[in-house]
Each structure stands twice: as C-alpha cells, then as structure tokens.
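What follows is a walk through a predicted model of a protein chain. It starts in the interior and works outward to the overall dimensions and the surface.

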Amino acid sequence: MIKKDGHTHTQFSHHGSHEPLDDYIERAISLGFTEYVVTEHAPLPTMFLEHFTGPSEARHGSAMLITELAAYQKEVKRVQLKYADQIAIKSGFELDYLENYETELRQFIITQADWLDELVISVHFLSNHDKLVAPIDFDPDTLAKYFPEIHSLPQTVFKNYFNTVQKSVRFAVTLPNDIVIRIGHMTLIRKYQKYFNLPKFDVDNQLRIDDLLMQIKNNHFQLDYNAAGLSKPYNGETYPTLDIVKKANDLGIELVYGSDAHEVSAVGQFYNMTVSDILKKKSKC
C-alpha cells in the first residue's frame, strides 16, 4: 500500500526551519511513508514582488528566491538518489496562483516541466476592494487590515477566496498535462476562524464549493488533504473541512494527504487521525 505525503517544504521556504532535507526524508521513512513529494513554494513573479502589498516579512518569507531555484533542484535530486532504495521522492512545487500573473506563472512551469513531477496550486493572496493583492494567511492583523469585512461580512471574503480558487483551477487546465496537479488547502481562508469567530460557509458559498469540486473532478485534478490546519491555534480543522472531504470522496476525487511540513517534526502529522479515519468512514458507507 502506498503511504504518501504529497505536500512538504524545506529550508528554502524562508518561513520554516533550517533543518536539512535529509532529516525530513529520514523521518518520513521512519514513519513508513513510501512516497514523498517535495513541494517548496515556487519563486514569486518579479513584478509581483516589486508591487508587494503586506508586511515586509511576508514579501521576503513567502517563497524561495529565483536565485535559489538551481540549489533547490540540486538538493531534491541529491536526496532522490541518496534514498532511492528506501522511498520514492518526487520533485515538485507549491505554486501561488496570482490573478493577472498567469502568463508569468505558466511560463515558469513550462520551463520547469522536464524536471517537475507534481504541483500543488494554492491561493495565499487575494485581491481586495482597493485592487491590492495581499496575503491572507500571514497573521490575523494583516488579514483584517486588507480585508476588514472579515469582521462583519465574512461571507464576502469567503466568496472572494473561492472565486479565486476557481480561477486557479481554470489556470491549472492550461499547464502541461503530464504534471500531476493538486489543488492546495482549499479552505485556507478559515485559518483564523477562532480568532474572528467565523461562521460556516453560507448556501451561496456552499454552491461555489460544489462547483469548484466539479471543476476539480472534471479536470482529473487531485485535492490536497492538508493536515496543517489541525495544528493551528486559531483553526483546528483539516483543509478542506471534513464535510467537503466527504463530498470529494462521493465524487471520486482523489484526496492526497499533505503534512505541509515546514519542520521535520511535522512530517506525517495527524496522518492516522486524518487519512485512516476518513478511509474507515468511507468503507462503512
């Protein structure tokens, strides 16, 4: 049986630990994983960085630098060879979907296609009413500063988020079809739900979610079943939430566990609590 961690990070993320990639891999092996995908945050477009909205720490710490790309590729190749007889290591990126930067993002992926096995496409940045594209998961204050409606009209923020995720799926369709594509942590907008006392998604947003799942199914994409939210103090849920997981299962969408590990100790986090429990529930249906 394949035991896979499909969403992991390295020292190149600039917002995790500086532990060597070998330590991540060796922990995965010790936990019985048979496949491991290294999905570091791909470099952000230069023009996006030049017009970055948000804290400077977010600008400098959201992704690897383009100047680090060759070193990242070399490091992934090194561990692939070193641990080849113990675990299958796939090369990948977590790519930030950025509206109005589709051309640059697509060109980047095309130039990496010969090296790239798997791709997680995520939304960490949203456009607000002032047309500023700001981070949504850096910290609660940044979210509230650029999206103040999170306090009084959270469903409008949810709407903005899911509309953007839908655009990311449409963008994914334009990428080389020999790359395995997963839609990343599709309820990340709930990261600070306890902080803001966020409600459940309303009927309109549930319909957007249903439409989004159908887009994922029809394009044969996978869904990142991300355990990181369980460890977040203001969240406490998987991404996506379990009701969405059930819908995805019912539609036959492939869910791939992701620890979203930014430090060695997080590799495999909550795997038994998430994947195994869901599979058990599915088998009883």
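The largest nonpolar core of this predicted model is made up of 82 residues. Within this core, Phe93, Leu119 and Tyr161 have the most contacts. Helix H8, which covers residues 154-172, gives the core its largest share, namely eight residues.

Tyr161 can be followed through its contacts, counted as heavy atoms within 4.5 Å. With neighbours within four places in sequence left aside, Tyr161 touches Val123, Leu126 and Ile136, and also His185, Met186, Thr187, Leu188 and Ile189.

The next step is the chain as a whole. Its secondary structure consists of twelve helices and nine strands. The radius of gyration is 18 Å, and the globule rule gives 19 Å for 285 residues; the two values are close, so the chain is as compact as a globular protein of that length. Along the principal axes, the C-alpha trace spans about 55 × 50 × 35 Å.

Contacts between distant positions in sequence can be put in figures too. Among contacts in the protein chain with a separation of 6 or more, 77% join residues 24 or more positions apart. As for burial, 56% of the 285 residues count as buried, where buried means under 20% relative accessible area.

That leaves the surface and the charges. The protein chain exposes about 12,800 Å², and 53% of this area is supplied by carbon and sulfur atoms. There are 38 negative and 29 positive side chains, and 5 Å separates the centres of the two sets.

Definitions and conventions:
Residues numbered from 1 in each chain as written. Predicted model: local features only at pLDDT ≥ 70, side-chain atom pairs only at ≥ 80, totals over all residues. Heavy atoms only, no water. Helix = DSSP H or I, 4+ residues; strand = E, 2+ residues; numbered from the N terminus. Rg over C-alpha atoms; globule rule 2.2 N^0.38 Å. Buried < 20%, exposed > 50% of the residue type's maximum accessible area, 1.4 Å probe, protein only. Areas by Shrake-Rupley, 256 points an atom, 1.4 Å probe, with all protein chains shown as cover. Lys, Arg positive; Asp, Glu negative; His and termini not counted. Charge placed at Lys NZ, Arg CZ, Asp CG, Glu CD. Core = buried A, V, L, I, M, F, W, Y, C linked by side-chain atoms within 4.5 Å.
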